[in-house]
Protein chains: 2
Amino acid sequence: MRYELYYWPSIQGRGEYVRLALEEAGADYIDVARRGSGTARMMAMMSDKRSDTPPFAPPFLKAGKLVIGQTANILLYLGGRHRLAPKAEAGRLWVHQLQLTIADFVVEIHDIHHPLGPTLYFEDQRPAAKRRTREFRDERLPKFLDYFEGLIDRGGPYLTGRRLTYADLSLFQIVEGLRYAFPRTMKRFERNVPGMIALHGRVAERPNIAAYLASDRRIAFNEDGIFRHYKALDL
Amino acid sequence: MRYELYYWPSIQGRGEYVRLALEEAGADYIDVARRGSGTARMMAMMSDKRSDTPPFAPPFLKAGKLVIGQTANILLYLGGRHRLAPKAEAGRLWVHQLQLTIADFVVEIHDIHHPLGPTLYFEDQRPAAKRRTREFRDERLPKFLDYFEGLIDRGGPYLTGRRLTYADLSLFQIVEGLRYAFPRTMKRFERNVPGMIALHGRVAERPNIAAYLASDRRIAFNEDGIFRHYKALDL
C-alpha cells in the first residue's frame with residue numbers, strides 16, 4: 001500500500017513527525033501537497049461535505065480507505081504496523097503517552113513566537129514573545145527535557161529501553177528544532193541532558209533517517225514552521 | 001477493578017474529561033487527590049525513580065498494574081473497555097482523532113488567560129490576555145465549533161452518529177465551560193451551533209451524567225481551572 005501524506009508543502013511542522021516515522025519504516029508514501037496541485041487537493045479533502053471523517057487540520061494520512069488525522073493518532077496507527085511501537089497494550093499506551101507529552105511540548109514551543117494567537121504575525125507580538133521566551137527558557141524547557149532525560153536514564157539508549165519507537169524519532173526532531181531555534185540556549189543547556197543528545201545522534205545515524213536527512217524530501221527549517229530562529233528570542 | 005484517578009483536587013481541569021467517562025460508564029473509581037493525603041501520593045508517583053512509566057503531569061489513571069497518563073490516552077483506554085468508542089480500528093481512530101482535536105481546542109482556551117506562559121498569574125498578563133481573546137473570539141472559537149457542528153450535521157445526534165462516545169462527553173464539557181467563561185459571547189454564538197447545543201442537552205440528561213452533575217463529586221467551575229470567568233475577556 002502506498003500511503004498519502006497530506007501536509008503543508010513548505011514547512012517541516014507537525015508533518016515532520018509523520019515523515020520521520022514513514023522514512024524510518026521504509027514505507028512507500030507520497031507527500032501529496034509537494035506535488036502539482038496537491039495543496040488544493042488537501043484543502044478539498046478537509047472541506048469535503050461527503051466525507052464522514054474530515055480532518056480539522058493537516059497533517060493527515062490516507063491509508064487505503066482510512067483517512068487519519070492528528071499527528072499522534074497517525075503515529076499510533078503507524079507504530080503498530082511498522083514495528084515502531086510495542087504490540088502489547090501496556091507498551092503501546094506508554095509510547096503514545098510519551099508522544100502526547102512531546103505534542104504538548106511542541107505547542108509550547110510554537111506559542112513562544114505566537115503568544116497572542118496563531119493568526120497574528122510574529123512582528124505584531126514581539127514584546128509578548130520575548131516575555132514568554134523567558135518563562136519557556138527558565139521553567140518549561142528544563143521541565144520537559146529533564147523529564148525525557150530521566151526516562152533515558154532508567155535504561156536507554158532509547159526512551160523506552162533498547163528498542164526504537166516513534167517517540168524517539170519525535171524526540172530527535174525536538175533536539176534538531178531546538179538547536180535551530182535557540183542555538184545559544186541549547187549550547188548552554190545540552191550538558192544537562194547527555195542521554196537525549198546521545199539518542200539524537202543515534203537516530204541521526206540510522207541508515208533510513210540519514211538517507212532522508214540528506215535528501216530533498218527533508219524540508220529545511222525556516223521561519224514559517226514551529227521552530228523559528230529569531231535572535232531576539234535566544235540567549 | 002477499582003480505578004484510581006489522580007488529578008488536582010480543586011479544579012475540573014483536564015481530569016474532568018476522564019471523570020465524565022468514568023461516570024457515564026458507571027465505573028468504580030476513587031478520585032485519589034480529593035481524599036486525605038492523596039495529593040502527596042499523586043506527587044510521589046510522578047517523581048518515583050523506581051517507576052518505569054512516570055507520568056509528566058496529572059491526570060493519570062491507575063488501572064490494575066497500568067498507570068496511564070495523558071487525558072486522550074486515558075480515554076482511548078477506557079473507550080474500548082466501557083463501550084464509549086467503537087471496537088473496530090477505523091472508528092476507534094476517528095473518535096481518538098476527535099478527542100485530540102478537542103484537546104487542541106482546550107489548549108487554546110487555556111492560553112487565553114495565560115498567553116505569556118503557564119507559570120505567571122493572570123493579573124500579570126491581562127493586556128496580552130485581552131489581545132489574545134479577540135483573536136480567539138473572532139477566529140478560533142468559530143473555527144472549532146463550526147467544525148464540530150458540521151460533523152453533527154452529517155447525521156447526529158452525536159459526533160459520530162447515533163452512539164455516544166467519550167468525545168461527546170468532552171464536547172459537552174466544552175459547551176459547559178465556554179458558557180461559564182464567556183456567557184455573553186456564547187449567548188450570541190450559540191444560535192450558530194444548534195446541533196452542538198442539542199448534543200449538550202442530551203448528554204446532560206443521561207442518567208449517570210445527571211446524577212454526577214448533581215453530586216458533590218462534580219467540582220464547581222472556578223478561576224484556577226481551564227475555563228475561567230474574567231469579565232474583561234467576555235464581550
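**Chain contact and helix packing in a predicted model**

Q: How many residues does each chain give to the contact in this predicted model?
A: The contact draws 32 residues from chain A and 32 residues from chain B. The coordinates come from a predicted model.

Q: Which elements of chain A give two or more residues to the side that touches chain B?
A: These are strand S4 (66-69), helix H3 (71-81), helix H4 (89-113) and helix H5 (126-153) of chain A.

Q: And which one gives the largest share?
A: H4(A) does, with nine residues on the side of chain A that touches chain B.

Q: How do the residues on that side of chain A divide into nonpolar, polar and charged?
A: There are 16 nonpolar, nine polar and seven charged residues on the side of chain A that touches chain B.

Q: What rotation superposes chain A on chain B?
A: A rotation of 180° with 0.0 Å of shift along its axis does so, and the RMSD is 0.0 Å. The two copies are therefore related as by a two-fold rotation axis.

Q: Which C-alpha of chain A is nearest the axis?
A: That of Pro115(A), which lies 2.5 Å from the axis.

Q: Why can one say that the copies meet through the same surface?
A: Because 100% of the interface residues of chain A are also interface residues in chain B.

Q: Turning to Gln97(B), where is this residue found?
A: Gln97(B) belongs to helix H4 (residues 89-113) of chain B.

Q: Is Gln97(B) buried or exposed?
A: Gln97(B) is buried, because 24 other C-beta atoms lie within 10 Å, and the cut-off for a buried residue is 20 or more.

Q: Which residues is Gln97(B) in contact with, leaving aside neighbours within four places in sequence?
A: Gln97(B) is then in contact with Ile68(A), Gly69(A), Gln70(A) and Asn73(A).

Q: A change of topic: at what angle do helix H6 and helix H8 of chain A pack?
A: Helix H6 (residues 166-181) and helix H8 (residues 194-205) of chain A pack at about 110°, and their axes are 9 Å apart. H6(A) is thus roughly perpendicular to H8(A).

Q: Which residues meet there, in H6(A) and in H8(A)?
A: From H6(A) come Asp168(A), Leu169(A), Leu171(A), Phe172(A) and Val175(A). In H8(A) they meet Met196(A), Ile197(A), Leu199(A), His200(A), Val203(A) and Ala204(A).

Q: How do the residues of that contact divide?
A: The contact of H6(A) with H8(A) has nine nonpolar residues, one polar and one charged.

How values were computed. Residues numbered from 1 in each chain as written. Chains lettered and ligands numbered in written order. Predicted model: local features only at pLDDT ≥ 70, side-chain atom pairs only at ≥ 80, totals over all residues. Helix = DSSP H or I, 4+ residues; strand = E, 2+ residues; numbered from the N terminus. Buried ≥ 20, exposed ≤ 12 C-beta atoms within 10 Å, placed from the backbone. Contact = placed C-beta atoms within 7 Å. Nonpolar A, V, L, I, M, F, W, Y, C, P; charged D, E, K, R; others polar. Least-squares fit on C-alpha atoms with pLDDT ≥ 70 in both. Axes fitted to C-alpha atoms, helices over the stretch in contact; angles between N-to-C directions. Parallel < 35°, antiparallel > 145°, perpendicular 65-115°, else oblique.
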